[in-house]
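Please read the following account alongside the sequence and the coordinates, beginning with one strand pairing and moving outward from there.

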Amino acid sequence: MRFDQLQLAEPILRAVAEEGYETATPIQEQAIPHVLKGRDVLGSAQTGTGKTAAFALPILHRLAAKPRGSKPTLPRALVLCPTRELATQISDAFRTYGSQLPLRTAVIFGGVRQGPQVGKLKRGVDVIIATPGRLMDLMNQGYVDLSNIEVLVLDESDRMLDMGFINDIRKIVAHVPQQRQTLLFSATMAREIRKLADALLRKPVVVQITPDEPTVDRVEQCVYYVDRKNKQLLLSELVGQLAMTRAIVFTRTKHGADKVVRQLRKTGINADAIHGNKSQNARQRSLDNFKADRVPVLVATDIASRGIDVDGVTHVVNYDITHEPETYVHRIGRTARAGAAGIAISFCDRDEVSNLRAIERLLGERIAVNEDHPPYPDGNSGAPAAPKGRAPHPLDAARGNGGNGGGAGKAANRNQRSRGRRRGPGFGRSGNFKKNRPARTKD
Ligand code: AMP
């Protein structure tokens, strides 16, 4: 469906056209008409489906169509979301789509000085995009008045509940008028989400997006079985071999993320970490450098990664295999955004095999195995033994020799490229990825 068939105001259509969007995505097509009519919406959609515009465009339309009332400085729409990055991105989206409308937006999150945020609120805003913690904080200090809110959005609600925001959400919602429109989005529809939806929404239209080709199906996935101690070296090698020009590497811990960055830098690969211990400014700087192609590898923990919306991510590397299968889907959804294809690589140590199997059960299929890094033999006897006297090199099998295993980094990557015999994701046309892909298993 074309955007001009969606009854959106002309200035919004112009802004959308400037962004280069031609047709609405399925969630936009399904949600926008209902939001325009003022209905509550319960939306279940994966990341990367265009859901931000699905709520931002009709909200902007409704706000622009109705003049500010007797309290012109008070916000009329409130969007709650789990992380600072996502808040920034949603606010960017509102500013972009509303660039030709006289509406004011404020983004509110912790980890930065509150002064500028308070200043903005005092001057008057139409839309607030906020993480629950800082918003509560400012409300308690008397800086936020939600008595004029007409539209409330809860985005990535499953993640907000995971992060323990439920009490903050309840308290915030208690300050929002009951007479309002509520839109709730979540990647999953677990019992807790349904409970929250029952409490907050009135006769919602349910929009469930199961696209013909969900994001995960557009991602070439592959697992490398590799001992934990060899993961670092394998990563350094693959960055060059697979031409990872814009890769996100996921680690389980903040400490782990910092360590991976240090090691990558030692091998001459420019990398930055993004996690909860970094200041908001440092996180934004890393993200900007990544988007501007100054840093090809971003190493992230899951919480910090929520909402990282960068087009053209070539690879996602699961350096640690998450024990939450849904998180795997979110991680790999960072590539293959906005209809593009992508590559996801997982490094699986022997004690992560059960996590991998849980992911495969959720996907309903086995993930292809890189032929040079086959599964651990039964009985956990481990990968093929390395010759005595030196550390095993993760690429020995690929090299077909007992080489000295050293020299990761640019030089080694060049050597490795010239060998040209690696297989795995990224070798689409010449490699045998598809052929290797096991048949779908429903276990
Ligand atoms: P989201 O799911 O909201 O995080 O959006 C994912 C990406 O899709 C963002 O980079 C948007 O800019 C982009 N996008 C949203 N709607 C459209 C559309 N109708 N056509 C093309 N790209 C879109």
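**From one strand pair to the whole chain**

Strand β3 and strand β4 (residues 127-130) pair in the parallel sense over four bridges, where strands are DSSP runs of E with at least two residues and helices are runs of H or I with at least four, both numbered from the N terminus, and where two strands pair if DSSP finds at least two bridges between them. Within this pairing, Ile108 has Ala130 of β4 as its bridge partner. Helix α5 (residues 115-123) packs on the sheet and touches both β3 and β4, a contact being heavy atoms within 4.5 Å. The direction of α5 makes about 150 degrees with that of β3; axes are lines fitted to C-alpha atoms, for helices over the stretch in contact, and angles run from 0 to 180 degrees between N-to-C directions.

The model is predicted, with local features requiring pLDDT of at least 70 and side-chain atom pairs counting only at pLDDT 80 or more, whereas totals for chains, interfaces and linings use all residues. Residues are numbered from 1 along each chain as its sequence is written, and side-chain values use heavy atoms, with hydrogens and water left out.

The wider sheet is open and has seven strands in the order β3-β4-β2-β5-β6-β1-β7, with parallel pairing. Because β3 (105-108) and β7 (205-208) stand at the edges with a single partner strand each, one side of each is left without a neighbour in the sheet. From one strand to the next, the twist averages 10 degrees.

Turning to the side chains, a search of the whole structure finds seven aromatic pairs, defined by ring centres of Phe, Tyr or Trp (its six-membered ring) within 6.5 Å, with planes under 30 degrees apart counted as stacked, over 60 as edge-to-face and the rest as tilted. Tyr225 and Tyr376 form an edge-to-face pair, at 5.9 Å centre to centre and 80 degrees between the planes. Tyr225 lies in strand β8 (residues 219-225) and Tyr376 in the loop between β14 (368-369) and α16 (396-399), so the pair ties together parts that are 151 residues apart in sequence. Tyr225 counts as buried at 5% relative accessibility, and Tyr376 is buried too, with a relative accessible area of 10%; buried means under 20%, exposed over 50% and partly exposed in between, with a 1.4 Å probe and protein chains only. Ring pairs also link Phe3, Tyr21 and Tyr97 into a cluster.

For the chain as a whole, there are 18 helices and 14 strands, and buried residues make up 55% of the 443 residues.
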